[in-house]
Amino acid sequence: MIRSRRGIALSALMIASLAACRVGPNYHAPALPTGAEAPLVSLNTAAETEAPPPDAWWRLYDDPRLDAFVQEALQANRTLAAADANFAAARAVVSAVHSQRYPSTTAAAGGLYGRDATTDEILELTGRPPQTFWLFEDIFQSAYEVDLFGRVHRAIEAANANADAVAAIRDGVRVVVAGETARAYAAICALGEELSVANHSLAVVSHEADITVKRHDAGANADYDVARAQALVAQVRSTIPELDGQRRAALFELTALLGRTPAQAPNDLTSCITPPHLVALIPVGDGSQLIKRRPDVRQADRRLAVATAEIGVATADLYPTIRLVGLYGGAADQLSELNTNIGRTWGVGPSISWTFPNMAAPRARVRQAKAEQAAALASFDAVVLTALKETEQALALYSAALDTRQALGEAQDRVHAAFGFAQGQFGAGALSNLDLLTTEQSLIAVDAAVASSDAALVQDQIAVFKALGGGWRSESQPVR
């Protein structure tokens, strides 16, 4: 009796020691690359602040039409609808995996007519011939896996982390949809500004060309002067169709983002000639806030959590799978005996399955899971570095665009002043037609450059907000 108790105690101790490693390695948030949580190095305090950006960053432009378009896109965009459906599917998988915590149940009923080999053998042993008969049954079965080594626990953990990763993908789509909607809207208005500038330049050079023609008719200008003036008119006119085509292309881009057909395009936007203007400093936060906010970083973190949990699932396969199985019902050759003591059948007991002693396949799966975790960790580091790089690049380009716009503004003021002087001197006969034409060309070029700079500036602003992640956490978990 003492030996029996000692054996039971040793068995219990062995099971407890095995259960201690039941879930494999626990997940911990990976260490970030050195300097990742520091302030952004490209921060321009004249244009940006370290305050965290708001979720609805496009409202910083204080443009009701832009706000309405972004809201419509977030409701109607088809790519985002697909991402929402993928997230719903991932949550359904979580529910299915969670069901493994509870007993599985099966109810079966039916009838079978024929001969059974086991019954025939019994009849032959008793000297009776084989018989053909009906076999009726109605049986309820239940099985429960005793999660002693953590297979179910780790499978649930992996499913939860995978759902979080899919949610991060959906949040990334939301960031892209909001950013691209703002980008398309800004492009339409910026191209409207460029068209307005081009039409104004066309009016200026056409007016000067008419004056040149009149002076030629009066004998004051040569044919060469007329030809040059008219060539400049044609040159300016040639830029208008391309700008108009680009604006219509941007309009159709916005239409698709809104989930509309081309026939439903918001054509009233063609009257917009002022791109959205940001009056306040851009709130960009710091490196740690960026990493917590970027959906792609959260996705990589959750993929790493999945890979870590899969190690636990693979490790559990090294140990026995223990189930408690039970059944209750009836089986009889007469339907009337099915629910009587004669036909009643039941049973309960443990079921143990194990791949021992050939453990090559389970051990290979453990090595595979560990290698996939190492790959997920490397991918996480790469995503963090990419997020920091993209943000620094966006800030650097935006800062350069601001400097370019300021320099062009100063140049535009000087060229406009010079053109005013040139017109006065030309009218007084103190300036040649060639000098006036050269000043006109400078005026056209600088006005077009300023309009193009306005377009680039707002696009660079939106690129900064996209690189910052847009603040879309939704219900998915942030990086810990």
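Tyr328 has its place in strand 5, where helices (H or I, at least four residues) and strands (E, at least two) are DSSP runs numbered from the N terminus. At 48% relative accessibility, Tyr328 counts as partly exposed, a class that falls between buried, under 20% relative accessible area, and exposed, over 50%, with a 1.4 Å probe and protein chains only. Together with Trp346 and Val348, Tyr328 makes a nonpolar surface patch of about 420 Å². Patches are made of residues with over 30% relative accessible area and no salt bridge, like charges being joined within 9 Å and nonpolar side chains (Val, Leu, Ile, Met, Phe, Trp, Tyr) within 5 Å. Accessible areas come from the Shrake-Rupley method with a 1.4 Å probe, and for residues only the protein chains shown count as cover.

This is a predicted model, in which local features need pLDDT of at least 70 and side-chain atom pairs count only at pLDDT 80 or more, while totals for chains, interfaces and linings use all residues. Residues are numbered from 1 along each chain as its sequence is written, and side-chain values use heavy atoms, with hydrogens and water left out.

The protein chain has ten helices and six strands. Its radius of gyration, taken over C-alpha atoms, is 38 Å, well over the 23 Å that the globule rule gives for 480 residues, so the chain is more spread out than a compact globule. That rule is 2.2 Å times the number of residues to the power 0.38. Along its principal axes the C-alpha trace spans about 135 × 55 × 35 Å. Of the 480 residues, 41% count as buried, and the chain exposes about 25200 Å², of which carbon and sulfur atoms supply 58%.

The largest nonpolar core, a set of buried Ala, Val, Leu, Ile, Met, Phe, Trp, Tyr and Cys residues joined through side-chain atoms within 4.5 Å, has 67 residues, and those with the most contacts inside it are Trp58, Tyr61 and Val464; a contact means heavy atoms within 4.5 Å. Helix 5 gives the largest share of this core, 16 residues. Apart from it lies another core of twelve residues, among them Ala90, Val97, Ala159 and Val166.

The structure also holds 17 salt bridges, each a side-chain nitrogen of Lys or Arg within 4 Å of a carboxyl oxygen of Asp or Glu. Three of the pairs are set out here.

| Acidic residue | Basic residue | Closest N and O atoms |
|---|---|---|
| Asp171 | Arg170 | 3.6 Å |
| Glu180 | Lys466 | 2.6 Å |
| Asp317 | Arg365 | 4.0 Å |

Asp171 and Arg170 are both buried. Glu180 forms its salt bridge with Lys466; Glu180 lies in helix 5 (residues 151–217) and Lys466 in helix 10 (residues 433–467), so the pair ties together parts that are 286 residues apart in sequence. Lys466 counts as partly exposed, at 22% relative accessibility. Asp317 forms a salt bridge with Arg365; Asp317 lies in the loop between helix 8 (295–316) and strand 5 (321–332) and Arg365 in helix 9 (residues 360–427), so this pair ties together parts that are 48 residues apart in sequence. Asp317 is partly exposed at 25% relative accessibility, and Arg365 is partly exposed with a relative accessible area of 38%. Elsewhere, a network of salt bridges links Asp164, Asp301 and Arg302.
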